[in-house]
Amino acid sequence: MGGGTNGNGGGAASAMDVYLPRTQGDVDDDGKERRTGTVWTATAHIITAVIGSGVLSLAWAMAQLGWVAGPITLLLFAAITFYTCGLLSDCYRVGDPATGKRNYTYTDAVKSYLGGWHVWFCGFCQYVNMFGTGIGYTITASISAAAINKSNCYHWRGHGTDCSQNTSAYIIGFGVLQALFCQLPNFHQLWWLSIIAAVMSFSYAAIAVGLSLAQTIMDPLGRTTLTGTVVGVDVDATQKVWLTRWGTSPSPTPTPSSSSRSRTRCGRLGYAAFGDATPGNLLTGFGFYEPYWLVDVANACIVVHLVGGFQVFCQPLFAAVEGGVARRCPGLLGGGAGRASGVNVFRLVWRTAFVAVITLLAILMPFFNSILGILGSIAFWPLTVFFPVEMYIRQRQLPRFSAKWVALQSLSLVCFLVTVAACAASIQGVLDSLKTYVPFKTRS
């Protein structure tokens with residue numbers, strides 16, 4: 001399921017959603033405008049969504065869990081998401097897998113197989129997560145942009161210098177840039193941005209892996225253990241409980257096998273390099289100071305990737321809102337002579353307001369790991385597990401309490417419990433951060 005787009009849906013499951021760009025006039029066998037996306041544009045959009053900067057916090061998660069639970073947790077969630085991606089892909093068509101009616105978005109699939117409240121719940125989860133991801137990406141991009149100046153400061157003035165940066169200005173700059181990109185009419189016009197962003201995501205992940213490997217070989221900076229951070233040494237008992245739950249927070253985006261291998265390498269090598277004192281972000285937490293220019297390049301790659309990633313998650317939300325407005329107020333988005341002014345004015349006002357709200361909230365909530373944890377936990381169970389499992393059960397008409405039905409429902413229940421625990425830990429992390437937080441004066 002994929003293509004390059006003007007669809008809606010997405011959120012944490014955007015890489016599993018359907019983005020199918022179409023051209024005006026031509027229609028396919030479903031009576032929809034003809035799809036013109038290619039494997040390459042679909043792949044670029046998916047990579048941009050899947051390989052997020054959360055990969056840089058996996059070493060920190062490893063530090064909380066240790067050498068035993070850490071890799072097991074990473075591989076377990078990778079296997080779960082890979083399996084449920086397959087279940088969701090089987091729902092692309094209703095009925096015959098070759099000729100049945102296409103479901104162009106995630107919510108279309110949910111409507112076809114489940115209907116009722118499931119459709120509303122799916123849309124709610126997707127669009128809330130898209131909005132939250134926009135905030136998370138804005139925060140992360142600003143921290144990476146600030147880290148470039150910090151890296152240069154540390155190099156020229158010494159590692160003991162106070163090189164902290166106020167992130168508010170960087171957040172505003174990122175917001176202004178996104179307000180410009182958001183004026184592009186629809187998703188399929190951003191294929192080039194997704195291709196650039198996909199290259200950037202591989203680049204900074206490779207740099208992080210390379211630097212971690214070099215540090216591990218030359219001079220590991222911390223102690224590693226089988227169980228992660230040590231109670232009484234690194235943390236107290238309460239902190240250990242919360243951080244362990246936080247460390248098991250699923251990724252905010254689905255994790256196919258190729259991406260999971262990259263993430264696992266980054267997590268394990270980062271932990272090997274820094275031990276139980278691993279920073280929350282390998283590139284902005286300044287485990288690495290040199291070569292400073294390479295750290296700068298990696299952080300620049302993060303910023304560029306998140307520019308594209310922001311659009312991948314927000315354009316489907318734009319399409320959904322504007323589609324709803326077109327249905328209810330066709331005059332506002334009508335054709336003919338009024339189209340140029342009507343569409344442009346509405347798009348300019350509402351999309352700019354959307355980005356402005358995200359920018360303001362990013363300034364008010366600059367908590368990197370906590371934001372990632374909340375996004376991942378909220379999105380993981382419903383979009384990655386619950387809906388694919390329920391649609392598969394309905395599609396295959398599995399009898400209640402049959403062996404496979406019980407196995408799938410047990411998987412869903414376990415993932416739900418993990419989601420609740422991880423979300424609670426992430427919220428606790430935000431509450432802890434708020435104790436020392438001063439609005440508009442956050443420094444990174």
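Buried residues (under 20% relative accessible area, with a 1.4 Å probe and protein chains only) make up 55% of the 444 residues in the protein chain. The model is predicted: local features need pLDDT of at least 70, side-chain atom pairs need 80 or more, and totals for chains, interfaces and linings use all residues. Numbering runs from 1 along each chain as its sequence is written, and side-chain values use heavy atoms, without hydrogens or water.

**Exercise 1. Count the helices and strands in the protein chain.**

Solution. Helices are DSSP runs of H or I with at least four residues, strands are E runs of at least two, and both are numbered from the N terminus. The protein chain has twelve helices and four strands.

**Exercise 2. Compare the expected span of helix α12 with the distance between its end C-alpha atoms.**

Solution. The expected span is 1.5 Å times one less than the number of residues. Helix α12 covers residues 403-434, which is 32 residues, so 46 Å is expected. Its end C-alpha atoms lie 47 Å apart, which agrees. Among the buried residues of α12 are W405, L408, S412, C415 and T419.

**Exercise 3. Describe how helix α1 meets helix α6.**

Solution. Start with the axes, which are lines fitted to C-alpha atoms over the stretch in contact; angles run from 0 to 180 degrees between N-to-C directions. Those of α1 (residues 39-50) and α6 (residues 191-218) come within 8 Å and cross at roughly 50°. That makes α1 oblique to α6 (not under 35 degrees, over 145 or from 65 to 115). Next, take the contacts, meaning heavy atoms within 4.5 Å. T41, A44, H45, I47 and T48 of α1 meet α6 residues including W191, S194 and I195. By class, this contact has seven nonpolar, five polar and no charged residues.

**Exercise 4. Describe how α1 packs on helix α9.**

Solution. The axes of α1 and α9 (residues 292-328) are 9 Å apart, at an angle of about 105°. The two helices are therefore roughly perpendicular (65 to 115 degrees) to each other. From α1, H45, T48 and A49 take part; from α9, H305, G308, G309, V312 and F313 do.

**Exercise 5. Place C125: which helix holds it, and is it buried or exposed?**

Solution. C125 is in helix α4 (residues 117-157). Its relative accessibility is 9%, so C125 counts as buried. Now look along the chain. P382 is 257 residues away from C125, yet their C-alpha atoms are separated by 7.4 Å. Leaving out residues up to four places away in sequence, C125 touches P382 and L383.

Technical notes: Buried means under 20% relative accessible area, exposed over 50%, partly exposed in between (1.4 Å probe, protein chains only). Ala, Val, Leu, Ile, Met, Phe, Trp, Tyr, Cys and Pro count as nonpolar, Asp, Glu, Lys and Arg as charged, and the others, Gly among them, as polar.
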